[in-house]
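Open the model in your viewer and keep the sequence panel visible. The stops below go from the whole chain to single residues.

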Amino acid sequence: MKQFFKFMFASFLGTLLTLLVIGLIFIGMIAGIVSMSQDKEVEVKSNSVLHISWKTPILDRGSDNPFENFDFNNMESKKPVGLNDILENLEKASEDPNIDGILLDMESVPAGMATLEEIRNKMLAFKESGKFIISYANNYDQKGYYLASLADEIYLNPEGMILFKGLHAQLMFFKGLLEKIDVDMQILRGPDNKFKSAVEPLMLEKMSEANRTQFETLLNSAWGQMLVDISASRNISIDDLNKIADKLELTSAENALEYNFIDGIMYRDELINLLKEKTGREEDEKVKSISFGKYTKAKDRKERKMTKDKVAVIYAEGSIVQGKGGQGEIGSASLAATIRKVRKDDNVKAIVFRVNSPGGDAQASEEIRREVELAGDSIPFIVSMGNVAASGGYWISTNADYIFAQPTTITGSIGVFGIIPNFKKMFNDKLGITFDEVMTNENSDFIDVIKPMSEFQKAVLNEQIVEIYEDFTELVATTRNLDVAYVNEVGRGRVWLGTDALDKKLVDQMGGLEDAIAYAVELAELGEEYRLSEYPKQKDFFEQLAKEIMGDVKIRIIGNELGDFKTYYDQYQSIRNMEGVQARLPFVYTIN
C-alpha cells in the first residue's frame, strides 16, 4: 500500500510540475506576443522601400488584438489589415524622406472592389510625391493586376501569367436539397420586391430573370470601372482590353509584355538589382526595405496640433443583428449605445459613419437608424459606404446629412422579406418524429416551424412585411427629398453600384473614407485643428484574449481552414441566422 501511495504521489507531483512548466511557457509566449505587439517606434533607414504584400483580409478597421489569427506554429501574426491603417501609412510614406518608393509584391488583393478602389486612389495620390511604385508577382489575378496597373513599372516572373478574363458571378441554390429532406420554406416578400432575391436559393434552381438582370448590370458596371482605370494607366483601349479578356491572351509572360500589360519579364534576383538601382545602393549592398506591418509603427512626421475637438469615425461592419452581436456582426444594442455615447460627447464636432454591411434584421436596423437621426440633429453626420451598404446597411445610412460611396460600392436593395421554415415533413417522414399540441387560443401556434402557417397567419405576417417596406420607402423618400413612387421604382429590393446609386439620387457623391472625413471637417468648420477618434473603442488585451478563448477564435479557424470555400459556409450561416423580417442584401455572391 505504501508503494502504491508513493507512486501515486510521485505521479501527481510529476503531472503538477508538467502543468506548471507548460503554464510558464504559455505565459512566456503571451508575454512575448504582447511585447511584439506593443507600439514601439520603428526606425526607418534612409533610402528604404515600403514592401507591401497583403495576404490577410483587408477590413475597414484593423484590430489591436495581438492574438487575431495568430499562427502558433511559426509564431506569426496573420491578423486582418485595416483600410484605416493602409490609408494612413500611404499618407505617411508619401511625406517620409526615408521612403524612396513602394514595392507591390502580391498576386492578389484580399479586399472587396470598393476597398480596392480606395487603396488604388490613395496610391495614385502617393505617386504625386514623385516617389516610385514598382509591382512584381509570379502571377497576377484580376484584383492584383487592377491595383498593380497604376505602378510606374510592372514586372512578371518568366513563367508567370495574368488572369484577365472578365467578371464571373456564381450563386448557390438549395431548393433541391430542401426537397430531398422534405423542408418547406414559407417565403414572403414586400410588394413587387422581385429583385429581393435572397430567398431565391430556397425556392428556385437558378436565377430569376429579375435577379439575372440586376447581376448583369452590377458586373458590367464593375468591369467597366476596372477597364476605364486600367486603360488610363496602361494606355490600352477598352476595346482591346475586352478582346484580350475574351481570348484569354495573357496566359504567358511574353504575351503580357507584347500587349503592354507589363514593362518587363524578370526573376526576383533581377528585381532586387532594380531596387538597388532605384534606391542608390551598390551591387554588394542589401536593399533597405520595411514591411507594411512594421511601418505602421514608424514615426509620423506630420505636425499635428493638440486639440480637444474631435471627428468621430464609427465603424459598422458585418450583418445587422439584434443585441450585442458577435464576430462579423453589427449588434444593434452595441452600436446604438456607441452612437449615443459619441453624440453626447461635447468634444465631438462631427461624425463619420463607415458602413460596410449587407443588412440583416429590420428591427435592429431601425434601432440603429434612430440613433443616427438623433446624432444628426445636433452635429454633422456623414456616411462613408464601403464595399456594401445595402438593405439594412442602407436603412441605417438614410438619416445622414451626406452620403459618400465608391463607384463599385453595392448599395440600395430597398426591400424586405420573411422566411419561416416548415420542418413537419422532415420530422414525420424522414425521422419518424410526430408532434401533438394544446393551445389556449386560435393562433397560439404563431409562428411554429413544425407545421405550415395557416392562410390567416400568412396574411398577418405579410401585412407586417408590407408595412415595413412602406416604412422603408417613406424613410428614403423623406431623408433623400424624393417622391415615394420614385423610391418604390428604384427600390423593390434592387441593388445598385455606387455610380448608378448616384444617378438614382440614393447617394450624394463618389468618394472614400478620407473624402467623408474631409467633408465632415468642412461642415464642422474645424480647419486643421481636430483629431480623429475611432469607435467602438477596442477592448483591452485581457478582454480580447478572453473573447478569443471563449469562442470567436472558432469562426476564424473555420475561415482559415476552408479558404475559398468559406463563401459556402457563410451562405449556410446567413440562412441559419435569419430570424424575423429581414432587410438584407438580396443574394450571397461570389465574384471572380
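Begin with the whole protein in cartoon view, where 21 helices and 26 strands are found. This is a predicted model. Of its 592 residues, 48% are buried. Switch on the surface: the accessible area is about 29500 Å², and carbon and sulfur atoms account for 52% of it. Among contacts between residues at least 6 apart in sequence, 75% join residues at least 24 apart.

**Stop 1: the sheet**

Select β11, β8, β7, β6, β1 and β12. In that order they form an open sheet of six strands with parallel pairing. Which strands stand at the edges? They are β11 (264–265) and β12 (289–291); each has a single partner strand, so one side of each lacks a neighbour in the sheet. Now zoom in on β1 (residues 48–52), which pairs with β12 in the parallel sense over three bridges. Show L50 as sticks and look across to β12, where I290 stands opposite.

**Stop 2: the cores**

Next, select I52, W54, M123, L147, I162, F164 and F261. In the largest nonpolar core, which has 67 residues, these touch the most other members. Helix α19 (residues 513–524) supplies the largest share of this core, six residues. Centre the view on I162. Leaving out residues up to four places away in sequence, I162 touches Y140, Y145, L156, L250, A256, F261 and I262. Another core lies apart from this one. To find that core of 49 residues, select I330, V355, I379 and F381, which are among its members.

**Stop 3: helix α8**

Select residues 238–246, which make up helix α8, and colour L241, I244 and A245: these are buried. Why do they line one face of the helix? Seen down the axis of α8, the buried residues fall within an arc of 100 degrees, so they share one face. As a rule, an α-helix has 3.6 residues a turn, so residues three or four places apart point the same way. Give D239, K243 and D246 a second colour; they are exposed, on the other side of α8. Add α7 (209–234) to the selection, since α7 is part of what covers the buried residues of α8. Just after α8, check the backbone of L248, which takes a positive phi of about 50 degrees.

**Stop 4: A405**

Move on to strand β19 (residues 402–405) and pick A405. Is A405 buried or exposed? It is buried, with a relative accessible area of 0%. Display what surrounds it: beyond residues up to four places away in sequence, A405 touches M385, V507, Q509, M510 and G511. Draw a distance from the C-alpha atom of A405 to that of L506; the two residues are 101 apart along the chain, and the separation is 9.9 Å.

**Stop 5: N422**

Finish in strand β21 (residues 417–422) with N422. At 7% relative accessibility, N422 counts as buried because the cut-off is under 20%. What lies around its side chain? A polar atom of the N422 side chain is 3.1 Å from the backbone nitrogen of K424. The backbone nitrogen of K451 lies 3.5 Å from a polar atom of that side chain. Show the remaining contacts of N422 as well: leaving aside neighbours within four places in sequence, they are with D182, V183, D184, Q186, V449, I450, K451 and P452.

Technical notes. Residues numbered from 1 in each chain as written. Predicted model: local features only at pLDDT ≥ 70, side-chain atom pairs only at ≥ 80, totals over all residues. Heavy atoms only, no water. Core = buried A, V, L, I, M, F, W, Y, C linked by side-chain atoms within 4.5 Å. Buried < 20%, exposed > 50% of the residue type's maximum accessible area, 1.4 Å probe, protein only. Helix = DSSP H or I, 4+ residues; strand = E, 2+ residues; numbered from the N terminus. Contact = heavy atoms within 4.5 Å. Polar contact = N/O pair within 3.5 Å; in protein donor to acceptor, adjacent residues only side chain to side chain. Areas by Shrake-Rupley, 256 points an atom, 1.4 Å probe, with all protein chains shown as cover. Arc of directions from axis to C-beta. Pairing = 2+ DSSP bridges.
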